[in-house]
Amino acid sequence: MTNQTSQFAQIPMQSVGPFKLIGDVAVDDLMVPMATYETPLWPSVARGARTTAHAGGIRVTLVDERMTRSILLQAPHAGEALRCLQALKARQDEMQTQVSRSSRFAKLINIHSQIIGNLIYLRLEFTTGDASGHNMATQAADTLFPWILAEYSQLEYVSISANFCTDKKVSAVNGILGRGKNVVCETTIPAKLCHRFLKTTPQALVDLHIKKDLIGSIVSGGLRTANAHVANMLLGFYLATGQDAANIVEGSQAINHAEVTAEGDLYFSTTLPNLIVGTVGNGKGLDFVQANLAQLGCTDPQAQPGDNARRLACIAGATALCGELSLLAAQTNPGELMAAHLKLER
């Protein structure tokens with residue numbers, strides 16, 4: 001028997017920073033809330049934020065955005081599946097008319113497909129305004145299904161979700177085709193600031209990035225991932241801002257890139273192609289979530305639909321970069337990582 005009274009898990013939360021962002025989001029002295037049991041994460045991310053702020057900031061670029069739902073249909077045979085699929089893809093405008101019945105914000109922007117035997121895996125891609133869009137995309141697909149079956153009576157319903165989306169699972173498809181917000185965060189840190197704040201050198205950090213993030217991920221069989229611990233920062237950020245925490249599974253499929261510039265400085269970037277965040281919807285009505293979203297400037301009532309969520313995604317990406325930068329720097333120095341945990345956790 002379940003307790004019908006709502007209860008809240010008590011997770012420690014602090015705001016860290018200050019962050020300086022440039023590019024698609026321009027802001028100085030931004031404090032970012034993070035909820036986590038791993039308390040050394042706060043000073044580590046703060047160190048990355050402080051370093052990048054002194055270096056001129058983190059440039060954030062939102063490359064793409066879409067939410068997906070894949071549906072599964074069955075045809076009598078593969079030839080009929082192909083014929084129906086080709087006809088259906090030519091009717092995207094009519095499909096959008098059906099989608100508009102489910103939401104005024106959902107817009108069908110693309111369709112991808114796979115035919116396996118007599119099965120049609122149809123990956124529907126939508127923009128969803130300020131919502132992360134899980135339910136909006138599912139509702140749009142649920143509205144489309146009866147129309148598709150009525151127009152193509154030879155097809156049969158199999159499932160509203162076909163795992164070609166892909167939701168909360170490690171996959172290649174999300175990084176290739178996109179799901180959520182695709183954000184690139186980058187910074188250039190002078191060598192003297194690397195030494196002052198990160199206690200390392202650009203060359204040492206790049207060397208570790210190659211041997212750990214890149215080669216280490218190949219050795220482990222990592223799938224479209226080359227980072228140190230992006231999941232840590234995303235979970236802390238997601239819990240503080242009312243996101244679906246399970247989306248750190250695909251969200252953490254991030255790729256770091258590091259170079260020593262011609263001037264001897266450090267170029268460092270973190271690319272996150274699967275950031276699934278929103279500023280409205282489930283979880284956003286809690287008082288502490290609203291306060292945190294307001295603190296981040298993501299509750300502007302005058303903003304165009306989608307702008308608040310885009311801003312939130314850029315800040316999430318910048319938070320991940322700062323944690324990556326700080327941890328990698330610590331790991332260039334023997335003993336520093338464990339010493340920090342022992343000092344800050346006890």
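Me: How many disulfides does the count come to in this predicted model?

Reply: The count comes to zero disulfides, and the structure it refers to is a predicted model.

Me: Why is cysteine 185 not counted in a disulfide?

Reply: A disulfide needs two cysteine sulfur atoms within 2.5 Å. The closest cysteine sulfur to that of cysteine 185 belongs to cysteine 314 and is 6.7 Å away, so the pair is too far apart for a bond.

Me: What rules out a bond for cysteine 298?

Reply: Its closest cysteine sulfur is also in cysteine 314, at 9.3 Å, which is too far for a bond when the cut-off is 2.5 Å.

Me: What makes cysteine 185 and cysteine 298 buried or exposed?

Reply: Buried means under 20% relative accessible area. Cysteine 185 has 0% relative accessibility and therefore counts as buried. Cysteine 298, at 1%, counts as buried too.

Me: How do you know that the length of helix H11 agrees with what a helix should span?

Reply: H11 covers residues 307-331, which is 25 residues. At 1.5 Å a residue these should span 36 Å, and the end C-alpha atoms are 37 Å apart, so the two values agree.

Me: What is the state of H11, covered or open?

Reply: H11 is mostly covered, since 21 of its 25 residues are buried, that is, under 20% relative accessible area.

Me: How many helices and strands are there, and why is the chain called as compact as a globular protein of its length?

Reply: The chain has 12 helices and nine strands. Its radius of gyration is 22 Å, and the globule rule gives 20 Å for 346 residues; the values are close, so the chain is as compact as a globular protein of that length. Along the principal axes, the C-alpha trace spans about 70 × 45 × 45 Å.

Me: What share of the chain is buried, and what belongs to carbon and sulfur at the surface?

Reply: Buried residues account for 51% of the 346 residues. The accessible surface is about 15,300 Å², and carbon and sulfur atoms hold 54% of that.

Me: Which contacts join residues at least 24 apart in sequence?

Reply: Of the contacts between residues at least 6 apart in sequence, 75% are of that kind.

Me: What makes E1 and E2 a pair of strands?

Reply: Pairing requires at least two bridges. Strand E1 (residues 13-23) and strand E2 (residues 27-35) are joined by six bridges and run antiparallel. Valine 16 stands opposite valine 32 in E2, and three residues lie between the two strands of this hairpin.

Me: What makes E8 and E9 a pair, and which residue has a positive phi in their hairpin?

Reply: Strand E8 (residues 255-260) and strand E9 (residues 266-275) share six bridges in the antiparallel sense, against a requirement of at least two. Glutamate 259 has tyrosine 267 in E9 as its bridge partner. Five residues lie between the strands, and glycine 264 in this hairpin has a positive phi near 85°.

Me: Which peptide bonds are cis, and where are they?

Reply: Most peptide bonds are trans. One cis bond joins glycine 17 and proline 18, with omega about 0°; proline 18 lies in strand E1. Another runs from cysteine 165 to threonine 166, with omega near -5°. Threonine 166 is in the loop between strand E6 (156-159) and helix H5 (173-177).

Me: What is noted about phi in lysine 199 and arginine 224?

Reply: Most residues other than glycine have a negative phi. Lysine 199 has a positive phi near 55° and lies in the loop between helix H6 (191-198) and helix H7 (202-220). Arginine 224 has a positive phi near 50° and lies in the loop between H7 and helix H8 (230-240).

Me: Why is arginine 224 called partly exposed?

Reply: Its relative accessible area is 34%. Partly exposed lies between the cut-offs of 20% and 50%, so arginine 224 is partly exposed.

Me: How do you know that isoleucine 111 is buried, and what is in contact with it?

Reply: Isoleucine 111, in strand E4 (residues 107-116), has 8% relative accessibility and so counts as buried. Leaving aside neighbours within four places in sequence, its contacts include Lys89, Met95 and Leu122. The C-alpha atoms of isoleucine 111 and lysine 168 are separated by 20 Å.

How values were computed: Residues are numbered from 1 along each chain as its sequence is written. This is a predicted model: local features need pLDDT of at least 70, side-chain atom pairs count only at pLDDT 80 or more; totals for chains, interfaces and linings use all residues. Side-chain values use heavy atoms; hydrogens and water are left out. Buried means under 20% relative accessible area, exposed over 50%, partly exposed in between (1.4 Å probe, protein chains only). Helices (H or I, at least four residues) and strands (E, at least two) are DSSP runs, numbered from the N terminus. The expected span of a helix is 1.5 Å times one less than its number of residues. The radius of gyration is taken over C-alpha atoms; the globule rule is 2.2 Å times the number of residues to the power 0.38. Contact means heavy atoms within 4.5 Å. Accessible areas come from the Shrake-Rupley method with a 1.4 Å probe; for residues, only the protein chains shown count as cover.
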